[in-house]
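This briefing covers charged side-chain pairs and one sheet in a protein model. Please look at the structure below before reading the points.

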Amino acid sequence: MELTTPISGVKGVGAKTEQLFQKIGVYTIGDILLRFPREYTKFPAPVTISEAVAGKKQAVTLCVESPVIVKRTRSMQIAILSGTHQNKKMEFLWFRMPYIRNTLKKGQTFILYGMVQDKSGLLSMEQPAVYTPEQYEALADSLQPVYALTAGLSNNLYKKTMQQVLEQQLLLPEYLPLETRQGCGLCEYNYAVSQIHFPADFDALSQARKRLVFDEFFLFVLYMQLQKEQGQQLENIYTFRTDDLLSPLLAQLPYELTGAQRKVLDEIQKDLHGPYIMQRLIQGDVGSGKTIVAFFAMYLASASGYQSALMAPTEVLASQHYETFAQYIELFGIKTHLVLLTGAMTAKQKRRAYERLQLFPDAMVIGTHALFQEKAVYDNLALVITDEQHRFGVRQRETFSLKGESPHILVMSATPIPRTLAIILYGDLDISVIDEVPAKRLPIKNCVVGRGWRPNAYEFIRREVEAGHQAYVICPLVEASENAEGENVTDYSEKLRQALPNGMEVAILHGKMRSDLKNSVMEAFAANDIQVLVSTTVVEVGVNVPNATVMMIEDAQRFGLAQLHQLRGRVGRGDAQSYCIMINTSDAKGAAKRLDVLNRTNDGFRIASEDLKLRGPGDFFGIRQSGDMEFQLADIYQDANVLKQASDEVQRILGQDRALARLEHEGLRRKAREYFEGQMERLNL
């Protein structure tokens, strides 16, 4: 067995199972080794039936006093076992597992592990895992990996496959120099990969994770620095008009730009007239007015006779930008051409868009990934703007820039990142910050409450909808899972439909839906055909719906503060007062302390700094906390110290004698590029 061996080479992986693995990007032995757990389960101490609590995953000790009963329905067989302790009864159910009655013999003691539910006053547990006391005792001292899966592929099967692969002791090539590993206190690569899947203990997991997080940051920063080296050598071949083009337009705006917006526009104009190609990041908090800045930058290109392009992360947002730009063009009386190009357009519409690219050398082009497909040919592209850079990645920006003769690059991000980290993460870009919010925006009113406040929240949503407004409800999960606790979109939407009056349209949105279906849901929400949208964090970068005034976030403690702030930024975009309700379902004091930061401020950059201070180095047992950069394990807040360490090491290596460094570290450069290619494939970008 080798790293390139197909996953079907593992015992127990047949054709159907192989297809399921391929759905999640696992084709070979090497693929599965480098696909890390999303979280870990530490089994709790066993309790009796009388001590069991609904709503929690628990291990219940049961002495079997009566045989398992198997009931037959039209579609399946259900095995039911009842138990009692101190007059408290509980039922355990297994679906399509009639053979379980041969395992659970009368008079024997077992430990049943699963989610405890309350069904009309009777505690129950569905599909519990069954252990003998000895088996459970061995598990209780271990950290069990939990993987992101697809329907039909169980966590147990995935773990079993992974164990078989690790038993082969295949060696992945170590690529970090020994001096780097020793200087940074990093374990060996193969040890890290093994321990990240099945850690011997918490210390081993910490060591493994630090090494793999370092790798992600190191390769990311190395690639960025190499890009920066190339970018510094790019001469500005474009001639932009030097007369004052913007003052007449600014005078027609129904509001005044903030000082920060004007400062950024000055920096952009200076870059466009400078000797080198612009490569600039605009960091602006949610609602700070980045879109109008992008419009003016594209207008400067158009007025100078050049094409410009704005790439948005979603079809719906691209269409919305197109409509907004069309309104600006009409408001200012500008004579320019606007072109929309997205993947959802028909073949005829795309052909028409391609023709317009050829016909109008000064066109403003707006779209999605379709902008850099082969058929999209630009003859005069001088400016490329990407909205939400972390959704595309550096490779997309690089590919898109090749459409022109090294066009100016402008990146917009609403992700609030402390400047010290931003300088490292966006090492190939100059950084501008829009740190003021337009005066017309009403501050969002926030509250952090416990799960007992839900009925009040539903009533509040009802009143807001009856007043003509709309609401978002965010859940951490798509559907109920045996591997994760928390509210899920599928069940929660039904709960809301029952709680809200008939006639209030409730819909769901999540990342597993087809793109066309996601787009239609967002369009319906934007048109107020849907009043309450129950969603995962997929709406974090979404459509602008000024009519939405309520953002309710379930299990809020499971998300990073920066991501919660991004979600909160979906409301407060209109003239009406908006609200953010964060449901904290944890009893931990640390969770309440973190959420209180959001309760006290709407300043994204202050929140990001607080997030950096409050994250603990061992806080990685839940879902990934931040969605700021698309790393597999690394978190820029939690792992800020490792990020700084990796950045310093890149500078040390590249600071050596250039000819020697290029020769000795060519392998590192290849690895950095391979890393980005793998990331883009993993993210389907």
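In this predicted model, the side chains of Glu554 and Arg454 meet in a salt bridge, with 2.7 Å from N to O. Glu554 lies in the loop between strand S21 (548-553) and helix H18 (561-568), and Arg454 lies in helix H15 (residues 454-466), so the pair ties together parts that are 100 residues apart in sequence. The structure holds 23 salt bridges. Some of them are described here, followed by a sheet that includes S21.

**Burial of the Glu554 and Arg454 pair**

- Glu554 has a relative accessible area of 0% and is buried.
- Arg454 has a relative accessibility of 12%; because buried means under 20%, Arg454 counts as buried too.

**A salt bridge between a loop and a helix**

- Glu174 and Arg211 form a salt bridge, and their closest N and O atoms are 2.8 Å apart.
- Glu174 is in the loop between helix H4 (155-167) and helix H5 (178-184), while Arg211 is in helix H7 (residues 202-231), so this pair ties together parts that are 37 residues apart in sequence.
- Arg211 is buried, at 0% relative accessible area, whereas Glu174 is partly exposed, at 26%.

**A salt bridge within one helix**

- Arg462 forms a salt bridge with Glu466, with 2.6 Å between the closest N and O atoms.
- Both residues belong to helix H15, where they are 4 residues apart, and about one helical turn separates them.
- Glu466 is exposed, with a relative accessible area of 52%.

**A network of salt bridges**

- Glu174, Arg181, Arg211 and Asp215 are joined into one network by salt bridges that share partners.

**The sheet**

- Strands of a sheet pair through backbone hydrogen bonds, in either a parallel or an antiparallel way.
- Here, 6 strands form an open sheet with parallel pairing, in the order S17-S22-S21-S18-S20-S19.
- Strand S17 (445-449) and strand S19 (506-509) stand at the edges with a single partner strand each, so one side of each has no neighbour in the sheet.
- On average, neighbouring strands of this sheet are turned by 15° against each other, with direction ignored.
- S21 pairs with strand S22 (residues 579-583) in the parallel sense, over 4 bridges.
- Met551 stands opposite Cys580, which is in S22.

**A helix on the sheet**

- H18 packs on the sheet and touches S17, strand S18 (470-474), S21 and S22.
- The direction of H18 makes about 150° with that of S21.

Terms used. Residues numbered from 1 in each chain as written. Predicted model: local features only at pLDDT ≥ 70, side-chain atom pairs only at ≥ 80, totals over all residues. Heavy atoms only, no water. Salt bridge = Lys/Arg side-chain N within 4 Å of Asp/Glu carboxyl O. Helix = DSSP H or I, 4+ residues; strand = E, 2+ residues; numbered from the N terminus. Buried < 20%, exposed > 50% of the residue type's maximum accessible area, 1.4 Å probe, protein only. Pairing = 2+ DSSP bridges. Axes fitted to C-alpha atoms, helices over the stretch in contact; angles between N-to-C directions. Contact = heavy atoms within 4.5 Å.
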